[in-house]
Each structure stands twice: as C-alpha cells, then as structure tokens.
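Me: Could you help me read a new model? I'd like to start with the ligand and then turn to the domains.

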Amino acid sequence: MRVIVTGGAGFIGSNFIRYILKKKPGWDITNIDALTYAGNLANLSGIEDSPKYKFIKGDISNPEDVERLFESEYDYLVNFAAETHVDRSLYEPGLFLKTNVLGTQLLLNYALEKRIKRFIQISTDEVYGSLESEGYFDESSPLSPNSPYAASKASADVICRSYSRTFDMPVIITRCGNNYGPYQFPEKVIPFFITKALKDEPLPLYGDGLNVRDWIHVEDHCDAILAVLEKGEIGEVYNIGGGNERTNLELTRIILEILGKPESLIKFVKDRPGHDRRYALNCDKIKAELGWSAQMDFADGLRKTVEWYLNNKKWCDDVISGEYMKFYELHYRERS
Ligand code: NAD
Ligand code: DAU
C-alpha cells in the first residue's frame, strides 16, 4: 500500500509513521508537512533513510504543494495535518480555518480526482462540545464545537461528510480524545507541566482545575487508526477513547508525584475562555465493529511518558524556542 500521511512531523503523525513502518513493513509512506512551529523532523529521527519513507515539505492548503504531492500514485491518505492548540486558536483563528478547513477540502479535491481508496480524516472529540459530569458522546451526538479550533475541526468533518455523500468518496472520520505520549509539543498540558515542573516553575492550572479530559496513549490511537484504515466502513465515523477520565487537578498531582515535585508548584490561574468542562466518549461502535479497544494502562503509560521527557531534555529545549517562544511571550506570559 502507498499511504500519504499529512502532518507526519507532528506528535500523533510521527508516532503513526513509526507505528506503520513497524506493523506494515511492506507499506510506502509519504509524509507531507509544512513544518510549522509544531512540526519537527527530529520526531522522525532514525527513519529518514528508510526506503519505505519519503518526506515532502509542503502546505496542505497550498494548491501547488498538493499538486506536487499527487504527482505520484497512492492508495490511502490519513490527514493529521492541522493547527491543534485550543489556546492558540483564540489568537489566530484564521490560520486554523485555513489549514484545518481549506487544507482538508483541497486534499479532498485531489484525493477525489486521483481516486484514493480510503481518506481517513483525523478529527477530535472536541467537535461534540462539552459535557457536565454525566453522559458520553457517541457518533450520532450533535456537533457543538466551542473553540475556534473545535469549530474548524467540526467544519472539516462536515465537508468530509459532504464529499462522501455527494461524490461517493471513500471517507472515514475518526474522533479521538486527549492523546499523551512521546514527541508531544510542550504547549499541551502533560508535556507543558512536565517541562515546567522539571525547572521548578509554577504549573498554571486553569480555573478550578476540575475540567475533565479522557486520556489515551498515542500508540493506542495509532492502533485504532490502522484498524479503521483496514477494516472501517466507508462513510462512517468512529469514536476512539482511552476510558481514562481525570480532572486536570488529579492529572497534575500524578505528574508531580512521578517527578517527586511538591504540590506547591500548582498555581491556579484565570480560566481559558470557553473552556470545555468535560470530554467523554462512548466507544462501543469501534469495539463492536472493528474489535478495537485501548490497551495501555494509564498509570504505566503516564510513567513511561514522563520518563521519555526526562530522557529527551534536548528535544524539549530545542522545540521550546524560536517562533513558539515569541508567541508565548506575546500571549501566554500571564499564565506563569
Ligand atoms: P501537532 O500540532 O503535534 O502536529 C500537527 C502537524 O501538522 C505538525 O507537524 C505541523 O507542522 C503540521 N501542519 C500544520 N499545518 C500544516 C499545513 N498547513 N500543511 C501541512 N502540515 C501542517 O498535532 P497532533 O496533536 O499530532 O494532532 C494531529 C491531528 O490529530 C490533528 O488533526 C488533531 O486535530 C487531531 N487530534 C489530536 C488530539 C490530541 O490530543 N493531540 C486528539 C484528537 C485528535
Ligand atoms: O480532546 C482532544 C483534543 O485534546 C485535541 O483535539 C487537541 O488538539 C488537543 O490540544 C487537546 O485539547 P485540550 O484543550 O484538551 O488540550 P490541552 O493540553 O491544551 O489542555 C488539556 C486540559 O488542561 C484542558 O482542560 C486545559 C487544561 N490546561 C492546559 C494548559 C496548556 C491547564 O489547566 N493549563 C495549561 O497550561
């Protein structure tokens, strides 16, 4: 199989490429990534020279780049490329629409013309909006996004749906919960708090710290995407969750405990505007239809993840620099 992976230099995309090269040694992967502040070729170190892997630097919202990509023939496309940080979407919503909506639509156009056999749109549980303490979202729950990021992902989902219904395109959408694991950019809460705690800096916990996220190890997510790619039904949506709901305060305490750091590092700060209270997914469909369920124990997965950041301090220092730091100084300074 010849597979396009978009956004393969980011957190989940790079983990997915590693996973596929291991699980499907006969497959050829082409990674197109614009290398934004979140994209990092160091995430793929060790596989650059694989004959099964090719990298194209390109922007999915740029027609010339996408045309160049499609000069070759492919079977599948998995679309990870996106602007992904909710906080950032409050300051640069237009960029989120450009990449996440227009970029996806451009890929759909080319994939349609080139008769791609499967187009997997990597979406998110955030498209469903927020839950209070009870209940779960299933695949038929209404889309009710609250942040510009979530709205851009929901828009891409409905555009994918329209291409599937109108043009009979082989599109499948996955909606996953919060991922954790190696190579996650330290703007997202787990690596952000690990890297802060290591420097004995305060961990800015938004609001009352009682917002709930459902955590899944990135390798479980990659495994679910492969199941969907190979066995998922065309035109369908699949929720993917780890079943590990934790309040942010609980999560922060566990991270501090693993690191042997004091809880006095926790600093409650002003809440994120529009902060979703709780995400929780019903994943019966993927379990019943594709036989997939998450395998990683949360305590083990988190401990291994913390160890990874401890062992990769240079990676952390290198990514927390340049463009990201300028943005941090401009907008996030108030958090610390
Ligand atoms: P990330 O921010 O770590 O990586 C995104 C990658 O996309 C980067 O390599 C970046 O350079 C690239 N990119 C950005 N704009 C691009 C463009 N215009 N053209 C080409 N490449 C571009 O993100 P992630 O956490 O790995 O998320 C990957 C996908 O999974 C996203 O679509 C996201 O919405 C979805 N998702 C993420 C999570 C999560 O918890 N991280 C959960 C569910 C779904
Ligand atoms: O649910 C899936 C989504 O998970 C993905 O679609 C997004 O791409 C990904 O960024 C993530 O979104 P969140 O907003 O949930 O992730 P983040 O790591 O930014 O925040 C997790 C929780 O931690 C959230 O409730 C906000 C809180 N938080 C975050 C940061 C960065 C803090 O309390 N303090 C912080 O400094």
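Reply: Happily; here is a short walk through both topics. This is a predicted model, where local features need pLDDT of at least 70 and side-chain atom pairs count only at pLDDT 80 or more, while totals for chains, interfaces and linings use all residues. Residues are numbered from 1 along each chain as its sequence is written, chains are lettered from A and ligands numbered from 1 in written order, and side-chain values use heavy atoms, without hydrogens and water.

Me: How many residues surround ligand 1?

Reply: A residue is near a molecule if one of its heavy atoms lies within 4 Å of it. Here 28 residues surround ligand 1, and Ile12, Asp33, Thr84, Tyr149 and Lys153 are the closest.

Me: Which side chain has an N or O atom 2.7 Å from an oxygen atom of ligand 1?

Reply: A polar contact is a pair of N or O atoms within 3.5 Å. The side chain in question belongs to Lys153. Backbone N or O atoms also approach ligand oxygens: one of Phe80 at 2.9 Å, and one of Thr36 at 3.0 Å.

Me: And how do I read the two domains?

Reply: Domain bounds come from an automatic or database assignment, which gives domain 1 (2-180 + 215-240) and domain 2 (189-212 + 244-273 + 298-331). Their C-alpha centres lie 25 Å apart. Counting contact as heavy atoms within 4.5 Å, 15 residues of domain 1 touch 19 residues of domain 2.

How values were computed: Polar contact = N/O pair within 3.5 Å; in protein donor to acceptor, adjacent residues only side chain to side chain.
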